[in-house]
Amino acid sequence: MKASVWRDRVVAAATIFLVAGSLLWYVGSLPEEPWLAAVVMLLVTVTGGLLVWSIGDHSTEAEAASWHVPLREESAVPLATDDRLVRLRRDLRDALERSDRPDEIHSLLCDLTVERLRAAHGIDARTDPVAAQEVLPQDLWRYLTTPPRGTARRSARQLSRALDHIEAI
């Protein structure tokens, strides 16, 4: 290290010693015994000096913060960590693979169908089921109007057909 760096560090330590000592003496926090007061001041100086030196050594490697707004692609949460998708995957896996869980997918598909009917045809399936039945394929209508009972596993083929019909709305 250069001599100027060490000189700056010694000046910083002396400044810390004088400022901290003056403040501690002014508020009456220093002990009455001079040797104990010197030990306290030495500890404060060493701690402050190490902190200042560490900041000085590592601040050159620090990168300035950027406050620019990131692009939408950069700020979006990855799909693998989206809680909604994680829950949907879990519910779908449970419906297809487990026979000890209630079916959470059926109500989701009903809500999705109601929204698709409203957006595509202006039909509210909950208040006008007759109009909804005319628009929907019969097997989808049967699936939506007969909720599954019990906790038996669901048919992957039936769910796939229902999703295909909902996408076609």
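Student: In this predicted model, is Arg 93 buried, partly exposed or exposed, at 39% relative accessibility?
Tutor: Buried needs a relative accessible area under 20%, and exposed needs one over 50%. Arg 93 has 39%, so this residue counts as partly exposed.

Student: Which residue meets the side chain of Arg 93 in a salt bridge?
Tutor: The N to O distance of the pair is 3.3 Å. The partner is buried, with a relative accessible area of 5%. That partner of Arg 93 is Asp 94.

Student: Which residues of H4 are buried?
Tutor: Helix H4 covers residues 83-97 and has 15 residues. Its span from first C-alpha to last is 21 Å, close to the 21 Å expected at 1.5 Å a residue. The buried residues of H4 are Asp 91, Asp 94 and Ala 95.

Student: How wide an arc do those residues cover around the axis?
Tutor: An α-helix has 3.6 residues a turn, so residues three or four places apart point the same way. The buried residues of H4 are Asp 91, Asp 94 and Ala 95. They lie on the same side of H4, because the arc they cover is only 95°.

Student: Against which helix do the buried residues of H4 pack?
Tutor: The residues in question are Asp 91, Asp 94 and Ala 95. The helix they pack against is H5.

Student: Which residue of H4 forms a salt bridge with Asp 91 at 3.7 Å, N to O?
Tutor: Asp 91 is buried, with a relative accessible area of 10%. Its partner is partly exposed at 47% relative accessibility. The two lie four residues apart in helix H4, about one turn of the helix. The partner of Asp 91 at 3.7 Å is Arg 87.

Student: How many residues apart in sequence are the parts that Arg 161 and Asp 139 tie together?
Tutor: The side chains of Arg 161 and Asp 139 meet in a salt bridge of 3.9 Å, N to O. Arg 161 lies in helix H8 (residues 156-168) and Asp 139 in helix H7 (residues 138-145), so the pair ties together parts whose separation in sequence is 22 residues.

Student: What is the relative accessible area of Thr 113?
Tutor: Thr 113 lies in helix H5, residues 105-121. Leaving aside residues up to four places away in sequence, Thr 113 touches Leu 136, Leu 144, Ile 166 and Ile 169. Thr 113 is buried, because its relative accessible area is 2%.

Terms used
Residues are numbered from 1 along each chain as its sequence is written. This is a predicted model: local features need pLDDT of at least 70, side-chain atom pairs count only at pLDDT 80 or more; totals for chains, interfaces and linings use all residues. Side-chain values use heavy atoms; hydrogens and water are left out. Buried means under 20% relative accessible area, exposed over 50%, partly exposed in between (1.4 Å probe, protein chains only). Contact means heavy atoms within 4.5 Å. The expected span of a helix is 1.5 Å times one less than its number of residues. The arc is that of the directions from the helix axis to the C-beta atoms. A salt bridge is a side-chain nitrogen of Lys or Arg within 4 Å of a carboxyl oxygen of Asp or Glu.
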